[in-house]
Each structure stands twice: as structure tokens, then as C-alpha cells.
Amino acid sequence: MRHLHLGVLLAIATASFPFTASAINRDASNRCSRSAWDLRGIVSSRASAEEDLKTTTNRLTRVNEVIAATRKNVPEIDQNEPSVAECTELVAKADKIALYLKGRQEKLERLRDFFEKHKDEEKTVNIIFNLFQKSQQDKDLINGAAASVVKGWRDSLSTLDAACKTDWPDYEGKLVPVEPLHANPSNWCYVASGAEKLMNILLKRKRWAVEGWGMPLMQIPELLERLPTKPETGMDAWLAVMVIDDAEYKAAFDKVVDAYLDELGYKSTGAFYEPIAEALAKLRTAIDEAAPKNTFVDTGYHHPSLEARAATSLKKIFANATPVRSMMDAPGYTIEKNRIGIPLDRYRSGQILFKMPKTPHCLARTFNYVEDYAGGGTYAPGEVKILGSTRFTSCK
């Protein structure tokens with residue numbers, strides 16, 4: 001009986017073994033199926049290029065939680081158990097995603113740290129980045145800033161350049177052409193490395209303000225467009241003076257530039273005046289073609305006393321001017337009145353043609369005479385004033 005009993009037990013144990021292994025496999029497979037749902041969500045999800053640090057960190061935390069929960073729930077994945085092959089494959093993919101997110105997190109953290117550390121240089125960097133914008137190509141980005149301010153920009157870029165070697169080792173010495181340019185520290189480092197060259201570009205674009213004179217580079221382009229079809233086009237008196245002889249302006253210009261550059265620690269090479277000299281040369285050519293077509297046609301209206309006074313006023317402006325002839329614009333005075341018809345003043349205007357040394361052309365300017373109303377039908381004596389707009393004309 002005892003031998004039979006043992007045999008029966010062995011038979012039972014032998015018969016039940018396959019059932020027990022199969023049950024274990026099915027249990028692991030079931031646990032894998034439950035975990036696979038979350039894993040598939042992780043694997044199918046992709047981070048966008050614009051994702052910020054907070055979102056990336058949260059995504060990485062979620063991926064790591066799912067991987068950890070899966071490994072705890074299905075430890076068989078690390079034993080290459082065939083029944084959990086799907087989970088093994090999904091966890092491997094999730095590990096790669098976690099590795100990518102970890103690298104992205106670290107880069108975004110370095111970005112955050114870089115921009116936070118160098119926030120004082122951000123304004124200067126953004127000014128320089130405008131050099132790369134097509135809409136800003138010819139603009140004066142200094143825009144009236146004092147030399148001390150521009151020196152601060154240069155010093156700021158120099159400081160950043162030195163810091164880039166340690167704060168952004170990813171920099172490879174070139175611009176990364178991905179918009180927006182200012183979002184990449186490598187571009188900050190690129191700008192900082194060329195501080196001196198960029199300062200020169202800014203200075204060459206600067207519109208130098210010379211007291212008593214206007215901005216020739218702002219007015220000349222429009223004149224070059226108008227003069228070929230409208231030779232009677234006028235220009236400001238100061239620009240007409242520059243057309244005839246720009247020596248006085250250039251001396252004042254050089255003085256302004258030299259003082260500015262001295263504060264920056266630069267030495268002027270004279271190159272800053274070249275764009276003005278080139279523009280003036282083009283304007284002189286345009287005037288040479290237009291002036292002979294613009295004649296001084298006499299209206300037939302004259303007032304000898306006012307015309308003589310106009311010549312005197314002109315000589316006060318240009319001692320070396322030679323009046324050629326003059327005329328009045330209308331036969332009599334124009335009276336201005338208020339709303340109830342009481343006179344305010346009366347005026348007459350005229351034109352004076354004159355010659356200046358160093359130009360083959362004559363010049364014409366408008367003069368104006370105004371008498372304020374004194375009451376009782378009388379007017380107070382006025383002054384003849386020469387207006388600023390100047391036209392280059394034929395002397396005939």
C-alpha cells in the first residue's frame with residue numbers, strides 16, 4: 001500500500017507540473033497586457049520641438065514612472081521571458097524615449113541657466129541681431145545713442161564672448177540659421193565673438209548729426225528720383241551749400257565723428273564720410289542735367305524797393321552771392337483776414353536769382369514780405385525774408 005501510494009503521488013505531481021508552468025506564463029502575460037496600455041501611450045507620444053522645460057520634465061517623470069511600474073509589475077521583462085515579449089519591446093522603446101527626454105531636459109536647463117546668467121547682455125544682443133534682418137539692413141541701429149552707451153554695448157559683448165567658452169561649450173564658431181536667431185545661445189556667442197566688426201557696421205550706418213546741418217543721406221535719394229522729371233525741384237538751403245562746396249560741412253562732420261570715436265577708443269579713418277561724398281557726387285550729376293532745363297521765367301511783376309531789399313537780405317546770408325535778377329509772384333498784396341473780415345496782415349512774395357562761386361549754375365530762392373495790420377486801414381512795416389528752399393537753375 002505504501003509503494004502504491006508513493007507512485008500515485010508521483011504520477012499526480014508529474015501530471016500537474018505542466019499546468020502550473022502554463023498558469024505562471026499566463027499570469028505574466030496578463031500582467032504585461034495591463035502594463036502595455038500605458039507603455040503604448042508613452043511610445044506613441046512625441047514631444048514637439050517647442051516643448052518647454054516644465055513640459056519636458058513632466059513628460060520624463062511620467063515615462064520613468066510607467067517604466068518603473070512595468071518593471072515592478074512584470075519583472076519577467078528583464079529575464080527575456082517570451083510570454084512578455086511585447087512588454088520587453090515596449091520598455092526598450094520607452095527607455096530610448098526617456099534617454100532622449102533626459103538629454104532634452106538637460107539642454108533646456110542649460111538654456112535656462114545661460115539666458116538667466118546673461119540677461120544683462122540680452123538688449124545688446126537683440127540690437128545686433130537686427131543687423132541680420134532684411135528690414136533693418138540700411139537702418140541706423142545706434143539711433144542717437146551716446147558714445148558711452150555704444151561703448152557699454154561693446155563691453156557687454158566682450159564679456160559675453162569670454163563667458164561663452166564655459167557657459168555654452170556647444171558653440172562651434174558659427175551662426176545657427178534657425179529662426180528666431182536670438183533663441184540659440186550659439187548665436188549669442190557668434191555675435192559676441194565679432195564685437196569689433198559689428199561695432200564698425202553699426203558706426204558706418206550711424207546718421208551723424210551735425211549742428212546747423214541736416215541729414216544729407218535722408219534727402220538725397222528722393223532728389224535723385226525727382227530731378228530727372230521735375231528739374232524745378234527745390235532742396236533745403238544747407239544741402240544746396242553742400243552741393244556747391246561741402247568743405248565746411250565735412251570739417252564739422254569730422255569733428256563730431258572724431259569726438260565720438262575718441263570716447264569709444266577708435267581712430268577715424270575717414271571712411272564714415274564716404275557714403276555722403278558718394279551721394280553728393282550723384283546729386284551734382286543730377287543737378288548738372290536738371291539745372292539747364294529749369295529757367296527763371298519773369299512774371300512781369302516787379303516792386304523795385306522790395307526786390308532791392310531781397311538782394312540785401314540775400315547778401316546777409318551769402319556775402320559772396322551775386323544777385324542776377326528778381327521778380328514778384330503777383331501784381332499786388334494778398335490780404336489775410338479773420339473770420340469776421342478784419343485784416344490780419346498783407347504779404348507779397350517773389351523770386352530772386354543769384355550766382356555763387358564754385359558752381360556753373362544759378363540758384364533761385366523765394367523771398368517773402370509781410371506787414372501786420374496796424375488798424376485804421378494801415379499796416380506796419382515788415383522785413384523781407386529769404387526762404388530756405390533752393391533751386392538750381394539756368395542763368396539765362
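Helices here are DSSP runs (H or I) of at least four residues, numbered from the N terminus. Keep that in mind for the close-ups below, which come from a predicted model.

**Figure 1. A look into the largest pocket.** Rolling a probe the size of a water molecule over the atoms shows where empty space is left. The largest pocket has a volume of about 600 Å³. Its lining is made up of 25 residues, and if you want to find the centre, look for Lys107, Leu111, Ala183, Asn184 and Pro185, which lie nearest to that point. Two elements each give two or more residues to this lining: helix 3 (85-117) and helix 6. Which helix gives the most to the lining of the largest pocket? That's helix 3, with six residues. Sort the lining of the largest pocket by class and you get eleven nonpolar, four polar and ten charged residues.

**Figure 2. The second largest pocket and the helices around it.** This one has a volume of about 340 Å³. There are 17 residues in the lining of the second largest pocket, and Asp138, Lys204, Arg205, Arg207 and Leu217 sit nearest its centre. Four helices each chip in with at least two lining residues: helix 7 (195-205), helix 8 (216-226), helix 10 (247-264) and helix 11 (274-290). Helix 8 has the largest share of that lining, with three residues. As for the mix of classes, the lining of the second largest pocket has ten nonpolar residues, one polar and six charged.

**Figure 3. Helix 8 side by side with helix 11.** Both of these helices also turned up around the second largest pocket. Here they pack at an angle of about 30°, and their axes are 10 Å apart. Angles under 35 degrees count as roughly parallel, so helix 8 and helix 11 are roughly parallel to each other. The crossing of helix 8 past helix 11 is left-handed. On the helix 8 side, the contact is made by Pro216, Leu217, Ile220, Leu223 and Leu224, while helix 11 brings Pro275, Ile276, Ala279, Leu280, Lys282, Leu283 and Ala286. By class, this contact has eleven nonpolar residues, no polar ones and one charged. One of the residues here, Leu217, is also among those nearest the centre of the second largest pocket.

**Figure 4. Helix 5 running against helix 7.** How do the axes of helix 5 (residues 147-167) and helix 7 cross? They come within 9 Å of each other and cross at roughly 155°. An angle over 145 degrees counts as roughly antiparallel, and that is why helix 5 is roughly antiparallel to helix 7. Their crossing is right-handed. Helix 5 puts Val150, Trp153, Arg154 and Leu157 into the contact, and helix 7 answers with Ala195, Glu196, Met199 and Leu202. Six of the residues in this contact are nonpolar, none is polar and two are charged.

**Figure 5. Helix 4 set crosswise to helix 6.** Helix 4 (residues 122-129) packs on helix 6 (residues 185-193) at an angle of about 80°, with the two axes 10 Å apart. That makes helix 4 and helix 6 roughly perpendicular to each other. The residues that meet are Glu122, Val125, Ile128 and Phe129 from helix 4, and Asn187, Trp188 and Val191 from helix 6. Five of the contact residues are nonpolar, one is polar and one is charged. Helix 6 is one to recognise from the largest pocket, where it gives two or more residues to the lining.

**Figure 6. Two backbone oddities in loops.** Most residues other than glycine have a negative phi, and most peptide bonds are trans. So what do we have here? The peptide bond from glutamate 179 to proline 180 is cis, with omega near -5°. You'll find proline 180 in the loop between helix 5 and helix 6. Asparagine 80, although not a glycine, has a positive phi of about 55°. Asparagine 80 belongs to the loop between helix 2 (53-73) and helix 3.

Note on methods. Residues numbered from 1 in each chain as written. Predicted model: local features only at pLDDT ≥ 70, side-chain atom pairs only at ≥ 80, totals over all residues. Heavy atoms only, no water. Axes fitted to C-alpha atoms, helices over the stretch in contact; angles between N-to-C directions. Parallel < 35°, antiparallel > 145°, perpendicular 65-115°, else oblique. Contact = heavy atoms within 4.5 Å. Nonpolar A, V, L, I, M, F, W, Y, C, P; charged D, E, K, R; others polar. 1 Å grid on protein atoms, 1.4 Å probe; cavity = no way out; pocket = protein on both sides within 12 Å on 5 of 7 lines; lining within 4 Å. Points joined across faces, edges and corners; volume = space filled by probe spheres on them. Left-handed = near helix turned anticlockwise from the far one by under 90°.
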